[in-house]
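Here is a set of short exercises to work through with the structure open beside you. Try each task before you read its solution.

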Amino acid sequence: MTQQDHDEQQPLRHPAPFEEGADHEAEQVTLAVMAASRLIVALSARALASVDVSLTLPQLRSLVALHTCGPVNLAALAATLGVNSSTALRMVERLESLGLIDRRVNPDNRRQVVLRLTPAGGELVERVLSHRRAEIRALVERLPAQQRAGLVPALRALTAAADDLGLDLTDETGRLAGLVDNPLNPTP
């Protein structure tokens with residue numbers, strides 16, 4: 001179990017005592033966003049578990065990257081996932097052995113290998129993302145309409161605040177980094 005897995009399984013704890021002058025409201029929002037993040041990861045893991053193939057979340061991220069970006073070479077996949085090429089290669093080999101990824105020589109540059117989803121890989125990604133979306137929707141539908149409506153501007157404001165961090169959340173790489181399609185865009 002990684003430290004991140006351990007942290008994600010821990011219950012929400014009360015924050016450490018604040019320093020004088022600390023922004024209590026900002027800390028409460030921070031804790032709520034972190035809890036929501038753990039919820040999304042848990043729903044993603046549950047969606048992944050709903051398929052018959054045994055995959056890890058990083059392997060699914062690789063499939064989602066290929067699904068979103070189309071055929072790419074190994075270096076581009078590694079960069080998109082934020083891993084080194086040897087890690088990406090091991091993932092690709094595992095996914096290829098499952099019949100989910102296809103490796104072919106690039107006809108324009110025979111020294112380069114192009115990675116693509118197989119039809120089975122594309123279908124698996126669609127099933128997992130559809131399952132996750134349905135679970136998130138069911139959860140959102142449990143909220144009273146007023147609270148639901150309040151989430152949209154709050155989440156958009158949070159996303160807009162990320163602009164100052166140099167994150168381009170409309171960029172494919174930014175969306176893939178968290179295995180999250182654009183949740184503020186209702187069309188897939």
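**Exercise 1. Find which residues of helix α3 are buried, and check the length of the helix.**

Solution. Start with burial: Gln59, Leu60, Arg61, Ser62, Leu63, Val64, Ala65 and Leu66 of α3 are buried. Keep in mind that you are looking at a predicted model.

Now take the length. Helix α3 covers residues 57–69, which is 13 residues, and at 1.5 Å a residue these should span 18 Å. The C-alpha atoms at its ends lie 18 Å apart, so the model agrees with the expectation.

Finally, look just past the helix: Gly70 follows α3 and has a positive phi, near 80 degrees.

**Exercise 2. Decide whether Gln59 and Ser62 are buried or exposed, and list what each touches.**

Solution. Take Gln59 to begin with, which sits in helix α3. Its relative accessibility is 10%, and buried means under 20%, so Gln59 counts as buried. Setting aside residues up to four places away in sequence, Gln59 touches Ser54, Met91, Arg94 and Leu95.

Ser62 is also found in helix α3. With a relative accessible area of 1%, Ser62 is buried. Beyond its neighbours within four places in sequence, Ser62 contacts Leu77, Leu81, Met91 and Leu95.

Met91 and Leu95 appear in the list for Gln59 and again in the list for Ser62. That leads on to the next task.

**Exercise 3. Describe how α3 packs against α5.**

Solution. Two packed helices are described by the angle between their axes and the distance between the axes. Here the axes of α3 and α5 come within 10 Å and cross at roughly 80 degrees. An angle from 65 to 115 degrees counts as roughly perpendicular, so α3 is roughly perpendicular to α5.

Next, name the residues in the contact. From α3 come Pro58, Gln59, Ser62 and Leu63, and from α5 come Met91, Arg94 and Leu95. Sorted by class, this contact of α3 with α5 holds four nonpolar, two polar and one charged residues.

**Exercise 4. Do the same for α4 and α5: what is the crossing angle, and which residues meet?**

Solution. Helix α4 spans residues 74–81 and helix α5 spans residues 85–97; their axes come within 9 Å and cross at roughly 105 degrees. That angle makes α4 roughly perpendicular to α5.

On the α4 side, the residues are Leu74, Ala75, Leu77, Ala78 and Leu81; they meet Ser85, Ala88, Leu89, Met91 and Val92 of α5. By class, the contact of α4 with α5 contains nine nonpolar residues, one polar residue and no charged residues.

**Exercise 5. Work out where Val114 sits and what surrounds it.**

Solution. Val114 belongs to strand β3, residues 109–117. At a relative accessible area of 10%, Val114 is buried. Leaving out neighbours within four places in sequence, Val114 is in contact with Pro71, Val72, Asp102, Arg103, Arg104 and Asn106.

To link Val114 with α4, use Leu77: the two residues are 37 residues apart in sequence, and their C-alpha atoms are 10.0 Å apart.

**Exercise 6. Check the length of helix α6 and say what its buried residues pack against.**

Solution. Helix α6, residues 119–141, has 23 residues. It reaches 32 Å from its first C-alpha to its last, close to the 33 Å expected at 1.5 Å a residue.

The buried residues of α6 are Gly121, Gly122, Leu124, Val125, Val128, Leu129, Arg132 and Glu135. They pack against α2 (24–49), α3 and β3.

For a loop residue, turn to Ser50, between α2 and α3. Ser50 is partly exposed, with a relative accessible area of 36%. Its C-alpha atom is 8.7 Å from that of Arg127, 77 residues apart along the chain.

**Exercise 7. Step back: how many helices and strands are there, and where is the confidence under 50?**

Solution. The protein has eight helices and three strands, in the order α-α-α-β-α-α-β-β-α-α-α from the N terminus. Of its 188 residues, 23% are buried.

For confidence, the mean pLDDT is 79, and 76% of residues reach 70 or more. Over residues 172–188 the pLDDT stays under 50, and the model has 32 contacts beyond four places in sequence for this stretch.

Conventions:
Residues are numbered from 1 along each chain as its sequence is written. This is a predicted model: local features need pLDDT of at least 70, side-chain atom pairs count only at pLDDT 80 or more; totals for chains, interfaces and linings use all residues. Side-chain values use heavy atoms; hydrogens and water are left out. Axes are lines fitted to C-alpha atoms, for helices over the stretch in contact, and angles run from 0 to 180 degrees between N-to-C directions. Helices (H or I, at least four residues) and strands (E, at least two) are DSSP runs, numbered from the N terminus. Angles under 35 degrees count as roughly parallel, over 145 as roughly antiparallel, 65 to 115 as roughly perpendicular and the rest as oblique. Contact means heavy atoms within 4.5 Å. Ala, Val, Leu, Ile, Met, Phe, Trp, Tyr, Cys and Pro count as nonpolar, Asp, Glu, Lys and Arg as charged, and the others, Gly among them, as polar. The expected span of a helix is 1.5 Å times one less than its number of residues. Buried means under 20% relative accessible area, exposed over 50%, partly exposed in between (1.4 Å probe, protein chains only). pLDDT is the predictor's confidence in each residue, from 0 to 100.
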